[in-house]
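Please examine the structure below with attention to its cysteines, one of its sheets and its pockets. The following paragraphs take these topics in turn.

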Amino acid sequence: WRIYRNLNGGIVYFFVAQVTVATSSYSDNNTDASISANDPLQLDNTPPSQNTYGLCLAHKGFMFYAGPYNPLGGTEYDDDFTWSKLYNPGAVPSVNRSKAERGLYGPIRAMASVGDLLVFFKQEAFIELHFQTDPSGVTGDGFAKTMNTQRGCVNGKCVANDQGTLYVMDRKGIYAYRGGQQVIELALPLMGLWKRINWAQREKFSACVSDNAIYFSVAMDGESECKYILVLNKLAIYAERGPRWYLHKVDHGIRDMVEFVTTNE
C-alpha cells in the first residue's frame with residue numbers, strides 16, 4: 001500500500017510511506033515539512049479532451065501532449081504542454097499541465113526528441129525539457145530552458161529526425177539542430193526559391209529523411225497544394241562547398257511524407 005496524507009488544513013495529499021499489503025496499521029510521525037517535497041497523490045487518469053492539444057510524442061516512457069489543436073493558435077493551449085504517468089499514456093494528471101514561455105514567440109508548433117532531451121519548437125523559439133526520472137519541476141527533477149529565440153518551426157510535420165539530428169523548417173530557412181543553442185543553417189542555396197514559397201499553406205508542409213537525403217514538401221508559386229519537394233543531399237551537407245539541394249516537382253499535392261524501405265529476399 002502507498003500511504004498519503006494532507007498537510008495541516010491542506011487539500012493536496014503527499015506520499016508518506018509504502019507498506020506491504022498485509023500491514024494492518026501504520027503510525028505516522030512525519031512532520032509536514034518532511035513530506036511536503038514528496039510526490040503528491042495523482043488520481044486524475046483522464047486523457048486530454050478533444051480540441052485541446054494538437055501534438056503528442058512518446059519520450060522516455062511518458063506521453064507528452066503540447067500546443068494548440070487549432071494550428072492557427074489563439075487558444076489557451078498555445079503555450080501548454082503536459083505528460084502522462086510513466087508507461088500509462090492515457091493517464092494524464094491535471095497537475096502536470098505546464099506553460100512554455102507564456103505569450104512569447106508564438107504557439108508551440110512541434111515536438112521532437114534529441115537523445116534524452118525533449119524539445120518544444122514554438123513559432124520563433126525552441127525550448128529544451130531536461131529530466132532524468134520525472135518531468136515535473138515541482139515534484140521531480142525536470143526543468144525547461146529556452147535555448148534559442150530566433151529560430152522555430154512552421155508546423156509539427158516539418159521536423160525530420162535523423163538519428164538524433166533534427167532538420168527543421170521555419171520561415172527563415174532550414175537548419176540542423178543537435179541540442180544546445182546553436183543551429184547550422186542549410187537553406188542559403190535556396191534563397192532564390194524562398195520567395196516563391198506559399199506560406200499561407202504552411203500547415204500542409206511536411207518533411208522526412210532517408211539514408212541519402214532530407215525532404216521538405218512545400219507549396220510554391222501561389223498553389224494551394226504541396227507539389228514541390230526540396231531535397232537535401234545528406235552526403236554533401238557539411239562539405240566545403242556547402243549543402244547541395246535539388247528541387248523536384250510532382251503532379252499531385254503532398255500532405256505528409258514518410259520513408260518507405262523495401263527489401264528483396
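**Cysteines, sheet and pockets**

The structure holds 0 disulfides. The model discussed here is a predicted one. A disulfide requires two cysteine sulfur atoms within 2.5 Å, and C153 does not meet this condition because the nearest cysteine sulfur, that of C158, is 5.7 Å away. C153 is buried, and its relative accessible area is 2%. C226 likewise takes part in no disulfide; here the nearest cysteine sulfur is again that of C158, at 8.3 Å. The relative accessible area of C226 is 0%, and this residue is buried.

The description now turns to a sheet. Four strands, in the order β7-β8-β9-β10, make up an open sheet with antiparallel pairing. The edges are occupied by β7 and β10; each has a single partner strand, so one side of each is left without a neighbour in the sheet. On average, and with direction ignored, neighbouring strands of this sheet are turned by 25 degrees against each other. At one edge of the sheet stands β7, which is joined to the antiparallel strand β8 (residues 117-122) by 6 bridges. Within this pairing, A110 has F121 in β8 as its bridge partner.

Which strands supply at least two residues each to the lining of the largest pocket? They are β1 (2-6), β5 (80-83) and β10 (143-148). The edge strand β10 thus appears in the description of this pocket as well. The volume of the largest pocket is about 520 Å³. Its lining comprises 27 residues, and those nearest the centre of the pocket are Q42, N96, D134, S136 and T139. Divided by class, the lining of the largest pocket contains 13 nonpolar, 9 polar and 5 charged residues.

The second largest pocket has a volume of about 240 Å³. Its lining consists of G54, L55, P68, Y69, P71, I108, R109, N155, G156, K157 and E203. Two or more of the lining residues come from each of the elements β3 (53-59) and β7 (108-114). The other edge strand of the sheet, β7, is therefore linked to the second largest pocket because it contributes to the lining. By class, the lining of the second largest pocket has 5 nonpolar, 3 polar and 3 charged residues.

Taken together, the two edge strands connect the sheet with the pockets: β10 gives at least two residues to the lining of the largest pocket, and β7 gives two or more to that of the second largest.

Key: Residues numbered from 1 in each chain as written. Predicted model: local features only at pLDDT ≥ 70, side-chain atom pairs only at ≥ 80, totals over all residues. Heavy atoms only, no water. 1 Å grid on protein atoms, 1.4 Å probe; cavity = no way out; pocket = protein on both sides within 12 Å on 5 of 7 lines; lining within 4 Å. Points joined across faces, edges and corners; volume = space filled by probe spheres on them. Nonpolar A, V, L, I, M, F, W, Y, C, P; charged D, E, K, R; others polar. Buried < 20%, exposed > 50% of the residue type's maximum accessible area, 1.4 Å probe, protein only. Pairing = 2+ DSSP bridges. Axes fitted to C-alpha atoms, helices over the stretch in contact; angles between N-to-C directions.
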